[in-house]
Amino acid sequence: MQRPSELSQTIPVFPLPGALLLPRAKLPLHIFEPRYLQMVDDVLKTQDRLIGMVQPNGDRGLHSIGCAGRLTGFSETEDGRYMITLTGISRFRMKDEVEGFTPYKRFNVSWDGFEGDLGHPEHDAGLDREKLMDLLGRYLSANDLSTDWDGIREAEDEMLINSLSMLCPFEPEDRQALLEAPDLVTRRETLVTLIEFALRGGGDERLQ
């Protein structure tokens, strides 16, 4: 089990609207922009192979909290694009941008306050799986989506809640709320609220 002090204090950052990575979950990415191809090349040369996923914050730059993933899967297409997989390690708080000559952004980051991300998977004692499955079924049907129901039913609490948080097509600000949830129970409550809100018709309001 890693400690925050063992993680790099400076990491490359990949701003991607709507992309959500959570601790211990996996995020596949298709890399084709030259600056991010360079980022992957550089990351593969490092010991911890960390990339920080951060969402843009409208015209205000980047959100202050992201999640770092370790590059655990890599393949290259014939035309030079990369297909990679990040495995979530820990959330972080952005500090100052590092000036340099890389075509991508690098930031000094703080891991303080997210020590639980590096621990064991969380459990949700209050999770009502049948109620959540019913809610999810109605949501998927309303959005003409499908899923692997056997895999969902067999998933442990954290994998279930985090996977649904990452896969449901929520707005970027709603995804940020899921990312910043302090614990698994709060994330599940936020997830349920977002699904119920969407089933009621949504509208232009967003979860605050």
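Tutor: Let's start with a lining. In this predicted model, the second largest pocket is lined by Ser 8, Thr 10, Ile 11, Pro 12, Asp 42, Val 43, Thr 46, Asp 48, Leu 50, Tyr 104 and Arg 106.

Student: That's a long list! What volume does the second largest pocket have?

Tutor: About 150 Å³.

Student: And which element gives the most to the lining of that pocket?

Tutor: Try matching residue numbers to elements. β1 covers 10-15 and α1 covers 34-43, and each supplies at least two residues of the lining. The biggest share comes from β1, with three residues.

Student: How many residues of each class are in the lining?

Tutor: Sort them by class and you get five nonpolar, three polar and three charged residues.

Student: Okay, on to helices. At what angle do α5 and α6 pack?

Tutor: Follow each helix from its N to its C end, then compare the two directions. Here α5 (residues 172-180) and α6 (residues 184-199) pack at about 160 degrees, and their axes are 8 Å apart.

Student: Why do we call α5 and α6 roughly antiparallel?

Tutor: Angles over 145 degrees count as roughly antiparallel, so α5 and α6 get that label. As for handedness, their crossing is right-handed.

Student: Which residues make the contact?

Tutor: On the α5 side, look for Asp 174, Ala 177, Leu 178 and Leu 179. From α6 come Arg 187, Thr 190, Leu 191 and Leu 194.

Student: What does that contact look like by class?

Tutor: Five of its residues are nonpolar, one is polar and two are charged.

Key: Residues are numbered from 1 along each chain as its sequence is written. This is a predicted model: local features need pLDDT of at least 70, side-chain atom pairs count only at pLDDT 80 or more; totals for chains, interfaces and linings use all residues. Side-chain values use heavy atoms; hydrogens and water are left out. On a 1 Å grid over the protein atoms alone, a cavity is a set of points where a 1.4 Å probe fits but cannot get out, and a pocket is an open set with protein on both sides within 12 Å along at least five of seven lines; lining residues have an atom within 4 Å of a point. Grid points are joined across faces, edges and corners, and a volume is the space filled by probe spheres set on the points. Helices (H or I, at least four residues) and strands (E, at least two) are DSSP runs, numbered from the N terminus. Ala, Val, Leu, Ile, Met, Phe, Trp, Tyr, Cys and Pro count as nonpolar, Asp, Glu, Lys and Arg as charged, and the others, Gly among them, as polar. Axes are lines fitted to C-alpha atoms, for helices over the stretch in contact, and angles run from 0 to 180 degrees between N-to-C directions. Angles under 35 degrees count as roughly parallel, over 145 as roughly antiparallel, 65 to 115 as roughly perpendicular and the rest as oblique. A crossing is left-handed if the near helix is turned anticlockwise from the far one by less than a right angle, and right-handed if clockwise. Contact means heavy atoms within 4.5 Å.
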